[in-house]
Amino acid sequence: MPRFYMMGTYSADGMKGIVGGSDRAAAVDAVVKAVGGSLNHFSFTRGEHDIIVDVEAPSVASMMGVMAAVRASGSFESVSYLECIDMAPVVSKAQTISASYKPANS
């Protein structure tokens, strides 16, 4: 299953929910399970983002659905995700392309 890292910054209303005692790890787990995925790790962070979440989801479309639902909730000022990839096939393609590519300045 593809693996993703999600980062988010809560809105004022989202933070009010946290201060009020809302269990955000349980909420994230429920959303990820709803698409057939699993939560590997949930952590509050200090810095640009309030949370970082490590999840596995069946597909990019599933993760995009999670992101759409999270954004629509209004709980976040910003939220994004990164897809973890196997770099070996990317390097292989890059090697094939670089043998054929002629830079504009050559």
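What covers the buried residues of helix H3 includes E1, H2, E3 and E4. Buried, by the way, is under 20% relative accessible area, exposed is over 50%, and partly exposed is in between, with a 1.4 Å probe and protein chains only. Helices and strands are DSSP runs numbered from the N terminus, with H or I over at least four residues for a helix and E over at least two for a strand.

Before I go on, a word on the model. It is predicted, so I should say that local features need pLDDT of at least 70 and side-chain atom pairs count only at pLDDT 80 or more, while totals for chains, interfaces and linings use all residues. Residues are numbered from 1 along each chain as its sequence is written, and side-chain values use heavy atoms, with hydrogens and water left out.

Back to H3, then. Which of its residues are buried? They are Ser62, Met63, Val66, Met67 and Val70. These residues cover an arc of only 140° around the axis, taking the directions from the helix axis to the C-beta atoms, and so they sit on the same side of H3. Remember that an α-helix has 3.6 residues a turn, so residues three or four places apart point the same way. On the other side of H3 we find Ala61, Arg71 and Ala72 exposed.

The length of this helix works out as well. The expected span is 1.5 Å times one less than the number of residues. For the 14 residues of H3 that should give 20 Å, and the end C-alpha atoms are 20 Å apart, which agrees. Just after H3, Gly74 takes a positive phi of about 80°.

Now the core. A nonpolar core here is a set of buried Ala, Val, Leu, Ile, Met, Phe, Trp, Tyr and Cys residues joined through side-chain atoms within 4.5 Å. How many residues does the largest one have? It has 17, and Met6, Ile51, Val53 and Met63 have the most contacts inside it. Two or more residues come from each of strand E1 (3-10), helix H2 (24-34), strand E3 (51-56), helix H3 (60-73) and strand E4 (76-83). H3 gives the largest share, four residues. In soluble globular proteins, nonpolar side chains tend to be buried together.

Let me zoom in on Met63. Contact means heavy atoms within 4.5 Å. Leaving aside neighbours within four places in sequence, Met63 is in contact with Phe4, Met6, Val55 and Tyr81.

Phe4 deserves a look of its own. This residue lies in strand E1, and it counts as buried because its relative accessibility is 0%. Beyond four places in sequence, the contacts of Phe4 include Val53, Asp54, Val55, Met63, Tyr81 and Leu82. Phe4 and Val55 are 51 residues apart along the chain, yet their C-alpha atoms are separated by 5.4 Å.

For contrast, take Ser78 in strand E4. Ser78 is partly exposed, at 35% relative accessible area, and it touches Met7, Gly8 and Thr9, not counting residues up to four places away in sequence.

And what about the start of the chain? Met1 lies in the segment before E1 and counts as exposed, at 57% relative accessibility. Again leaving aside neighbours within four places, Met1 is in contact with Gly36, Gly37, Glu56, Ala57 and Pro58.

Last, the pocket. On a 1 Å grid over the protein atoms alone, a pocket is an open set of points where a 1.4 Å probe fits, with protein on both sides within 12 Å along at least five of seven lines, and lining residues have an atom within 4 Å of a point. Which residues lie nearest the centre of the largest pocket? Of the 17 that line it, those are Arg24, Val28, Val31, Val70 and Phe76. E1, H2, E3 and H3 each supply at least two residues of that lining. Val70, you may recall, is one of the buried residues of H3.
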